[in-house]
Amino acid sequence: MNMRIAVLIPCYNEELTIAKVVQDFKRELPDADIYVYDNNSRDNTAVVAKEAGAIVRRETRQGKGNVVRSMFRDIDADVYVMTDGDDTYPAEFVHELIRPILDGEADMCIGDRHSDGSYSKENKRPFHNFGNQLVRKLINTLFHADLRDIMTGYRAFSRRFAKTMPIQSEGFEIETEMTLHALDKRFRIIEIPIQYRDRPPGSHSKLNTLSDGLRVLKTVFWIFKDYKPLAFFTAVALILFLAGLVVGIPVLYEYFSFGRIAKIPSAILAVGFMVLATNSLTCGFILDTIVRHHRDYYELLQNEFKG
């Protein structure tokens, strides 16, 4: 089959490694188009990538999410491969990643860095390992899934997924958003074990463990609210209900024991908590109905999509 394959490489200050990444993927996929999107690099990333044979474009809006949004909109292909420009993902695994897409068995293939232990061994940032595991457990719990690598940057996508993925993230939380979207919309996901290698000497990560970790958790929080509103607002209602009980039980005890209420502020606060709990639960039911209708509408759009 004459399938068009596009390799997508978002880049920010990757002058040291981008040439090797482009050449490695040209060797493995000689007929593929290699796209490097330069995201306001302050070094010679764009020049080096072009000399290595890549199609170089520029995205002026800072952030990996903005780059991936432009890539999916601008590039037409049958199979999309996304990797990083820091040479941490070996190109030789690309054949295993794209095979399920080519065979029509998956909409997204994830390069799993954790199964062989290479990520925990090679990655020198222990809080990143902790953050990866925390996000993985949260998402697997929320969506009843069993994924091993939520935040990997090495993935392959079908045309259907790339062209119908609504990207809201601006930064490195884009991988988490793509995984959540695929789980919620019931796209077929396959994980392929790969090897991970740390950056070569002289190459520096743009990730900030604390700030980027908080952004990922914030993304999980908001998408949980948007995709699972009944569970989210039920949890909020339960917290408010328990707070109402803590404040209100002494008031009730006082009333039934002495026939009067002296703690008027506590009584008002307890009633307020209970009203808020009821409102939260009501919002959950309403929003859950809206989300269900949105999923139905999305399915209808998928049926009309011409891949």
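Trainee: What makes Asp184 and Arg295 a salt bridge?

Mentor: In this predicted model, the closest N and O atoms of Asp184 and Arg295 are 2.7 Å apart, and since the rule asks for a side-chain nitrogen of Lys or Arg within 4 Å of a carboxyl oxygen of Asp or Glu, the pair is called a salt bridge. Side chains of opposite charge can pair when their charged atoms come close.

Trainee: How many salt bridges does the rule find across the interface of domain 1 and domain 2?

Mentor: The rule finds 2 across that interface, where 11 residues of domain 1 are in contact with 9 residues of domain 2. Asp184, together with Leu142 and Lys185, supplies 46% of the area that domain 1 buries against domain 2, more than any other three residues.

Trainee: Why is Asp107 called buried or exposed, and what about its partner Arg188?

Mentor: Asp107 has a relative accessible area of 9%, and because buried means under 20%, Asp107 is called buried. Arg188, at 40%, falls between the cut-offs of 20% and 50%, and therefore Arg188 is called partly exposed.

Trainee: How do you know that Asp107 and Arg188 form a salt bridge, and which parts does the pair tie together?

Mentor: Their closest N and O atoms are 3.2 Å apart, and the limit is 4 Å, so the pair counts as a salt bridge. Asp107 lies in the loop between α4 and β5, and Arg188 in the loop between α8 and β7, so the pair ties together parts that are 81 residues apart in sequence.

Trainee: What makes Arg148 and Glu191 a salt bridge?

Mentor: The N to O distance for Arg148 and Glu191 is 3.9 Å, and because the rule accepts pairs within 4 Å, these side chains are said to meet in a salt bridge. The pair ties together parts that are 43 residues apart in sequence, as Arg148 lies in the loop between α6 and β6 and Glu191 in strand β7. Glu191 is buried, with a relative accessible area of 13%, whereas Arg148, at 35%, counts as partly exposed.

Trainee: Why does Tyr255 count as partly exposed, and where is its place?

Mentor: Tyr255 has 40% relative accessibility, and partly exposed is the class between 20% and 50%, so that is how Tyr255 is counted. The place of Tyr255 is in helix α10, and Tyr255 belongs to a nonpolar patch on the surface that also includes Leu252 and Phe256.

How values were computed: Residues are numbered from 1 along each chain as its sequence is written. This is a predicted model: local features need pLDDT of at least 70, side-chain atom pairs count only at pLDDT 80 or more; totals for chains, interfaces and linings use all residues. Side-chain values use heavy atoms; hydrogens and water are left out. Patches are made of residues with over 30% relative accessible area and no salt bridge: like charges are joined within 9 Å, nonpolar side chains (Val, Leu, Ile, Met, Phe, Trp, Tyr) within 5 Å. Accessible areas come from the Shrake-Rupley method with a 1.4 Å probe; for residues, only the protein chains shown count as cover. Helices (H or I, at least four residues) and strands (E, at least two) are DSSP runs, numbered from the N terminus. Buried means under 20% relative accessible area, exposed over 50%, partly exposed in between (1.4 Å probe, protein chains only). Contact means heavy atoms within 4.5 Å. Buried area is the accessible area (1.4 Å probe) that two parts lose on being put together, summed over both.
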